[in-house]
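Got the model open in your viewer? Let's walk through it together, one selection at a time.

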Amino acid sequence: MKRILPALLMFFSLFIQAQEEKPEKYYSFDASYFYGSILEHNPDIAHLIDEHQEGFLLSVNRKTYGLEKWESRYNYPDFGYSFIYQNMKNQYLGENYSVYGHFSFYFLQRLLMFRIGQGIAYTTNPYDPDTNYQNNAYGTRLLSSTYLMGNIHKEKIVGGLGLNAGVTIIHYSNADMGSPNHSTNTFTFNVGLNYLLDHKEHPDYIPRGEEEKYTEPFHYNIAVRSGVNTSGVIGSPRLPFLTVSAYADKVLNHKSTLHGGAELFFSRSLEEFIRYQSIAFPQKGTSGDEDAKRVGLFLGHKLTFNKMSLITHLGYYAYYPYDDYVERVYNRMGLQRDFSKDWWASVTVRSHGANAEAVEFSIGYRL
């Protein structure tokens, strides 16, 4: 759950798609009430868990019926926007308001729906060193948020009206763009209604049919990733970082592409952390002159939906002279948008296990 899949990129990509696509568009709406509890993934947030949380989720969905080939490859998913209101039922946490871009996938003759949403949340009562030092979960007012939903989903029970019920996990974090950042994960049960707009006008699903085998030769990519983060120490400043990546990709089919390569990391926050450790804890042996650069080797996968892709990487810092900062194994997850045959942009989160280090805004060129 310590992942952040970025809503702004998804919203922008969906807007661009709306301008480019000519086929008729079909929509549905759904609304759900949820009730649940914060999971104690870290004992440091135990004092923030008392009552059960509740709230509601609203969404608008663009339905797909196979009018484009990618839609049938994924069993005709939905995509759209969501809004979540959540009362955290804790005086230190306050309330959260979130907006998301989401994809919904269907299984078991479309009776089971799995949805993933990524977006931005506004929290009403973040950490403050004077007035709200108890809130060590949210160090900033703006947070990233991810939600995962698994529902029994039945449409058109009466006219265009249907029912849905299941479970949802909602995650809030700021990916070390401010400290503290212990985050929260809420497990909830949800129940609600869905409605197909103009339900009598929706077409039948176009059968997938037989698809030709598709592959491509190796390609090479250069990417520059940047953003700001903190060292994880409360009160530490937000400082920029820069990562330069070079990697090869191999397209296996219309859905899957494999990645493998290396990258060089420059981090002002790591430099600040080394300086802080040398002053605050001289007994640990940190001199302050240690090299803050890192070199990583990684393998990964790209799952493609039309011009959007889900990126997952697993890497290892082969060169890491100051290794008291984070673990040597890292992972990256996020969304990529292709703007042409050669150019792409992405927003990803680089983490070490459950500890997110940075949100990366990237631009890349594919040779």
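How many cavities of 30 Å³ or more does the count come to? The answer is five. Keep in mind as you go that this is a predicted model.

**Stop 1: the largest cavity**

Start by selecting Ser28, Asn61, His153, Glu155 and Asn194, the residues that lie nearest the centre of the largest cavity. They belong to a lining of 13 residues. Now colour β1 (26-38), β5 (112-123), β6 (142-158) and β8 (184-196): these elements each give two or more residues to that lining. The space inside is about 50 Å³. By residue type, the lining splits into five nonpolar, four polar and four charged.

**Stop 2: the barrel that begins with β1**

Zoom out and show the strands β1 to β8 as a cartoon. You're looking at a closed barrel of eight strands, in the order β1-β2-β3-β4-β5-β6-β7-β8, with antiparallel pairing. Going from one strand to the next, the twist averages 25°. For a close-up of the pairing, pick strand β4 (residues 95-107) together with β5: twelve bridges join these antiparallel strands. Label phenylalanine 103 and look across to β5, where isoleucine 116 stands opposite.

**Stop 3: the loop between β7 and β8**

Next, select the loop between β7 (161-173) and β8, where you'll find proline 180. Which way round is the peptide bond from serine 179 to proline 180, cis or trans? This bond is cis, with omega near 0°. Aspartate 176 lies in this loop between β7 and β8 too, and its phi is positive, about 65°, although this residue is not a glycine. As background for both oddities, most residues other than glycine have a negative phi, and most peptide bonds are trans.

Stay here and bring up isoleucine 234, which sits in the loop between β9 and β10. Which residues does isoleucine 234 contact, leaving aside its neighbours within four places in sequence? They are Tyr127, Ser179 and Pro180, so two names from the cis bond you just looked at turn up again. Then draw a distance from isoleucine 234 to glutamine 109: C-alpha to C-alpha, these residues are 50 Å apart in space, with their positions 125 residues apart in sequence.

**Stop 4: the barrel that begins with β9**

Now show β9 to β16. Here is a closed barrel of eight strands with antiparallel pairing, running β9-β10-β11-β12-β13-β14-β15-β16. The average twist from one strand to the next is 25°.

Select strand β11 (residues 256-267) and strand β12 (residues 294-305), an antiparallel pair joined by ten bridges. Glycine 261 has phenylalanine 298 of β12 standing opposite. Add helix α3 (residues 268-280), which packs on the sheet and touches β9 (219-229), β10 (239-251), β11 and β12. The direction of α3 makes about 45° with that of β11.

Carry on to strand β13 (residues 308-319), which pairs with β12 in the antiparallel sense over eleven bridges. Click lysine 302: its bridge partner in β13 is isoleucine 311. From isoleucine 311, hop to β14, where glycine 334 is the bridge partner. The pairing of β13 and β14 is antiparallel and covers nine bridges. Before leaving, check the hairpin of β12 and β13, which has two residues between the strands. Asparagine 306 takes a positive phi there, near 55°.

**Stop 5: the largest pocket**

Lysine 302 and asparagine 306 come back here. The largest pocket holds about 560 Å³ of space, and the residues closest to its centre are Glu216, Lys302, Thr304, Asn306 and Asp338, out of 25 that line it. Elements giving two or more residues to this lining are α2 (69-73), β10, β11, β12, β14 (329-338) and β15 (343-352). What is the lining made of? Six residues are nonpolar, nine polar and ten charged.

**Last stop: confidence**

Finish by colouring the chain by pLDDT. The mean is 91, and 94% of the residues reach 70 or more. Where is confidence lowest, and where is it highest? Helix α1 (residues 7-20) is at the low end with a mean of 48, while β11 is at the high end with 98. Over residues 1-8 the pLDDT is below 50, and this stretch has 43 contacts in the model beyond near neighbours in sequence.

Methods: Residues numbered from 1 in each chain as written. Predicted model: local features only at pLDDT ≥ 70, side-chain atom pairs only at ≥ 80, totals over all residues. Heavy atoms only, no water. 1 Å grid on protein atoms, 1.4 Å probe; cavity = no way out; pocket = protein on both sides within 12 Å on 5 of 7 lines; lining within 4 Å. Points joined across faces, edges and corners; volume = space filled by probe spheres on them. Helix = DSSP H or I, 4+ residues; strand = E, 2+ residues; numbered from the N terminus. Nonpolar A, V, L, I, M, F, W, Y, C, P; charged D, E, K, R; others polar. Pairing = 2+ DSSP bridges. Axes fitted to C-alpha atoms, helices over the stretch in contact; angles between N-to-C directions. Contact = heavy atoms within 4.5 Å. pLDDT = per-residue confidence, 0-100.
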